[in-house]
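Q: Please take a close look at one part of this structure. I would like to see how its aromatic pairs are built and what surrounds them.

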Amino acid sequence: MKSSLPFVLLLCAQLFCSSLFAQWQNVGSNITAVSRSVYGLSVPNSSVVWGITIHPNYTAAAREFTRSTNGGISWQTGVIDAANGQDFTALSVFALDANTAWVTMTDNGTQRLGRIYKTTNGGLSWEEQKGSFNNLNNAVVAVHFFDENNGFAYGSPGTGDALADSLRIWRTSNGGNNWGRIPAGQLPTPLAEEGIWIYYGNGSYDVAGDSIWFGTRRGRVWRSTDRGNSWQAFSIGADVPVYSVAFSDAKNGLATSDGRGFRTFDGGATWEEITMPNSFVYYQIENVPGTPGAYVLIYEGSDMFYTDFRMAYTLNDGDDWQSLPPKDIECVQFLSATQGFGGGRVFSPTTGGIYRWTGNLNALTSITNNELVRKSIRSYPNPFNDYTIVEFDVNSPAPIDYTLTNLAGQVIESGRVERLLIGKNQVMIHSKAPAGVYLLTLTHEGSVQTLKLIKR
């Protein structure tokens, strides 16, 4: 290995997909309102699907819901609190079954008032639930219920401000008839302006067993391991907004931000940065239950506008990503590798709106014997100051060619790494490169991968 190499070389396997085309079936939504997108989904089982709408550019309130009890063949729609909610817009939906669901809302102007609505008759009627989130300087991002009685809700005033207790968490033990706010003194001390981007709704949190996670604007992930009774806050290693989190179990998860992705293998206590599809913002990350290491990502495809929704998937906790057509699906929820639904722009009652996944993520080509064994890869720290360490296992001693460039495309270093060992390899590299973001392109037995590395 060249002694002048400024960065450690990470090895990644490249996954190849079988046919992924035409595996999303548009099933409509029956929504008749104009300028709407289905931006929140709750899918308790393969037959029952709930969705709520949002105005695509947030210039008007939207409170429509849609519900199917036959897997998207037909839809029942309505408006939640049509008489009293003129200035409120829906943010997220959580459904227990075909009849019982909750929807969170905020006022469309200041985003400093919260509302929670519940239905127990499939949306025929909705009852507004009461709590301190109704007071000024509150907003409710999302709710989650573990059963018909026990649930939690969380939010912040607007999208965060300098209030000392700007993050609020509520709990209920009677289905939301009464919501009690956890006192600020029993929670981690919020950082200045550590609010939550409220429009990320359903994708902003995740639950695995009794554990809960959500991200904040100040680069932290809050975690509870006891259904919301007690909480801890952990930094992801960068002071950036965390928009969405997803966990496959109590230990393994991913988080998204503005053009940056992170992962954890210890339940969110520590995080490392990973390379994701090129984008200036990542919207939602969603776990695929039953397939370890599988996630689906919604991200922005344009350079500066929030209009080009694209999708990608990983089968190895974010080491490799492949595109997943079609475009313009804005949110997803999967039940398994073969069952899932997506939401997007409503073009008419029968076109756009909601999509049903008809493919099989498990049918993709597996990692071959001469590629890297994913779970053995570790690089730490990244971002780093003076040095970084890489540890990995390979099943082939074939050399690796690399090219390192800055973001302007200038080649900083190129060469070849030879004499790899079959099995575990570990290298410590001291860096003399200036602080910044670099792109490292690796070629290993025909597999090409580009990685983002950050030098502090």
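A: What follows starts with the aromatic pairs and then moves outward to the cores, one sheet and two loop residues.

The model is a predicted one. The protein has 35 strands and zero helices. Of its 456 residues, 59% count as buried.

The aromatic pairs number 21. Take Trp24 and Phe334. Their ring centres are 5.9 Å apart and their planes stand at 75 degrees, so this pair is edge-to-face. Trp24 belongs to strand β1 (residues 24-28), while Phe334 belongs to strand β26 (residues 329-336). The pair therefore ties together parts that are 310 residues apart in sequence. Both Trp24 and Phe334 are buried.

Phe334 has another ring partner, Trp357. Here the centres are 6.1 Å apart, with 65 degrees between the planes. This pair is edge-to-face as well. Trp357 sits in strand β28 (residues 351-357) and Phe334 in β26, so the link ties together parts that are 23 residues apart in sequence. How accessible are these two residues? Phe334 has 2% relative accessibility and therefore counts as buried. Trp357 has 3%, so Trp357 counts as buried too. The cut-off for buried is under 20%.

Elsewhere, ring pairs build a cluster. Its members are Phe94, Trp102, Phe133, Phe145, Trp170 and Trp179.

Now the wider packing. Trp24 returns in the largest nonpolar core, which has 52 residues. Trp24, Tyr154, Phe214, Trp231 and Val296 touch the most other members of that core. Leaving aside residues up to four places away in sequence, Tyr154 touches a list that includes Ala139, Val140, Val141 and Ala142. Arg168, Ile169 and Trp170 are also among the contacts of Tyr154. So are Ile196, Gly201, Ser204, Tyr205 and Phe214. Trp170 is thus a contact of Tyr154 and a member of the ring cluster. A second, separate core holds 15 residues, including Ile52, Phe65, Ile80 and Ala101.

Ala101 leads to a sheet. In β8, its bridge partner is Thr119. Strand β7 (residues 101-107) pairs with strand β8 (residues 114-119) in the antiparallel sense, over six bridges. These two strands are part of an open sheet of four, in the order β6-β7-β8-β9, with antiparallel pairing. At its edges are β6 (88-95) and β9 (127-129), each pairing on one side only. On average, neighbouring strands of this sheet are turned by 30 degrees against each other, direction ignored.

Two loop residues deserve a look for their backbone. Ser35 is not a glycine, yet has a positive phi of about 55 degrees. Ser35 is in the loop between β1 and β2 (36-42). Its relative accessible area is 31%, so Ser35 is partly exposed. Asp317 also has a positive phi, near 60 degrees, and is a residue other than glycine. Asp317 lies in the loop between β24 (309-314) and β25 (322-323). With a relative accessible area of 4%, Asp317 is buried.

Last, the whole chain. Among contacts between residues at least 6 apart in sequence, 54% join residues at least 24 apart. The accessible surface of the protein comes to about 17,900 Å². Carbon and sulfur atoms account for 49% of this surface.

Notes: Residues numbered from 1 in each chain as written. Predicted model: local features only at pLDDT ≥ 70, side-chain atom pairs only at ≥ 80, totals over all residues. Heavy atoms only, no water. Pairing = 2+ DSSP bridges. Axes fitted to C-alpha atoms, helices over the stretch in contact; angles between N-to-C directions. Buried < 20%, exposed > 50% of the residue type's maximum accessible area, 1.4 Å probe, protein only. Contact = heavy atoms within 4.5 Å. Areas by Shrake-Rupley, 256 points an atom, 1.4 Å probe, with all protein chains shown as cover. Core = buried A, V, L, I, M, F, W, Y, C linked by side-chain atoms within 4.5 Å. Phe/Tyr/Trp six-rings, centres within 6.5 Å; stacked < 30°, edge-to-face > 60°.
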